[in-house]
Amino acid sequence: MFRLQTKTRLPSILRLSRAYSKPQETASSSPISSHSYIDDDILSLVSKQKIANHLEDLGPYPLYSLILTPQHFFQNEVLMKYSQKLPHPVSLRQLAGYGKALTKQKILASANFVRLELPIRLAMRIRDLQTLPFGVVNNFHLAQIYESYYHLFNAFRKIPNITTASENERFCEDISNLLDQHVFNLSHLMMGALEVSILESLPQDALDNFMSSMLRSRISRRVIVEEHLSLTEIYKKHPYQRQSPDYIGEIFHRCNAAEHFKMVHELVKDSSLEAFPNRDLMPDLEIDGDTSLSFPFMVPHLHYLFGEILRNSMEATITTHGDSGKKLPPIKVTLIDSKKLVTFRISDQGGGMSHEKLKSIWSFGKLPDHARQSLANFHSIPDLQMYSNLQVTPAGSSIIQLQDQLLGTSMAETLPETKKSTLDRLINRHYKFKLGLGLPMCKVYADYWNGNLSMNSIEGYGSDTCLELSKLGFHSNVIQLDRA
């Protein structure tokens, strides 16, 4: 993977200068690039000399990189061998079957499966990054993803065979810390997509395919890792305990749909107060249909899906009716329970949208002006982690850091019940930080869990959003954990 100087890195140059330099009030200049999303007021505070000091970061071996060294080309031979291996298909049913009657041998087998499987899956995604067009792979944010994945790949492939319970304990500590160390990946992936849109470096369908592949693979890896951590904890507390026939794992919680909708609705209202300070006049949530509907699901994923849909409905309703001085029209949610699916219809009176606009809402590719604004909003999120905390030894081995070094970072993505997730952070972001990628992200998450997300709209009135999710107790042998 070669990295040479190119105009496509100009937005990243500006970010690097902001990260390492203090603003100077006396400097003034015109925009350096028509592609820059940074406005004139910000740019005028940054001297060209300070920007020039970081041009070395555009070379083949950027100063910030711990991976891209003169030896990287030769190290890549190891990655190529892994990328040519086939990942082992694994279903949710298979993972869940492990948890129904745990033994020491099962726990050790699970640990070694994770140890061997993840380097293969990571190598495939690293290879995808290496084969992107030059102007895309050279993007600052996607370069951070590359560094992160290579760090993980190096760490996992060097873990020896796990043969004892104490070795598994250490392994669980390491993979939990590795999850924490790579909390910034999702945000960088989203920002990378926006910069690619600004520079129009990839056709829209190619960007959508790349993003979908990266996200699905990311979900699969994290589910596999978190399931092993969960099984280990269960075995420690209740060895040899048998679970019920419908058990599918501790990371999946029984969710009452109405309760979770109400919970997320309150979070969305909190984030909208600056735009519409009168909370009492905000749209109520009216829930009908199968109001007792309950099903197993991963709570962070469910809240993200509900949250992005409700945010869109709330924003549209406030924009359309916010100046009336009256109680705003409600958002209506209908819950439908069928044999293999749960379906949610979310209806609002937010004015709807044109059919042309409706076609584009599912794509990660945005018009440059739209992408610039979304990217600026991303950078306005407080305490956003821009640079990795990753470290390597002088010999190039990845160092697994202690967990508490990353506690408190804004994008911390962690395990259930103890830590917040990146998705949780995105749900709670301020109303004004509109990112423009919520619906495409949600569509990938719904599709991953064998569901679907669609929308119908009547321009001048409102929209109906339909979210379908598979019941994980059914067809769990085809749940797409094998999407490497």
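A disulfide is a pair of cysteine sulfur atoms within 2.5 Å. This model is predicted, so local features need pLDDT of at least 70 and side-chain atom pairs count only at pLDDT 80 or more, while totals for chains, interfaces and linings use all residues. Residues are numbered from 1 along each chain as its sequence is written, and side-chain values use heavy atoms, with hydrogens and water left out.

**Exercise 1. Count the disulfides, then decide whether Cys255 and Cys442 are buried or exposed.**

Step 1: Applying the sulfur rule gives zero disulfides.

Step 2: Buried means under 20% relative accessible area, exposed over 50%, and partly exposed in between (1.4 Å probe, protein chains only).

Step 3: Cys255 counts as buried because its relative accessibility is 1%. Cys442 is buried too, at 0%.

**Exercise 2. Work out why α17 is described as largely enclosed.**

Step 1: Helices (H or I, at least four residues) and strands (E, at least two) are DSSP runs, numbered from the N terminus.

Step 2: Nine of the eleven residues of α17 are buried, so the rest of the structure largely encloses this helix. Among them are Gly438, Met441, Cys442 and Tyr448.

Step 3: Look just past the helix: Asn450 follows α17 and has a positive phi, near 55°.

**Exercise 3. Describe the largest pocket and its lining.**

Step 1: On a 1 Å grid over the protein atoms alone, a cavity is a set of points where a 1.4 Å probe fits but cannot get out, and a pocket is an open set with protein on both sides within 12 Å along at least five of seven lines; lining residues have an atom within 4 Å of a point. Grid points are joined across faces, edges and corners, and volume is the space filled by probe spheres set on the points.

Step 2: The largest pocket has a volume of about 1,100 Å³. Its lining has 43 residues, and the closest to the centre are Lys357, Ile361, Lys366, His370 and Gly436.

Step 3: α13 supplies the largest share of this lining, eight residues. Domain 1 (57-237) and domain 2 (253-392 + 419-470) each give at least three residues, with bounds from an automatic or database domain assignment.

**Exercise 4. Find the largest cavity and say which helix gives the most to its lining.**

Step 1: There are two cavities of 30 Å³ or more, and the largest cavity holds about 180 Å³ of space.

Step 2: Of its 14 lining residues, Leu152, Leu179, His182, Arg221 and Arg222 are the closest to the centre.

Step 3: α11 gives the most to the lining of the largest cavity, with four residues.
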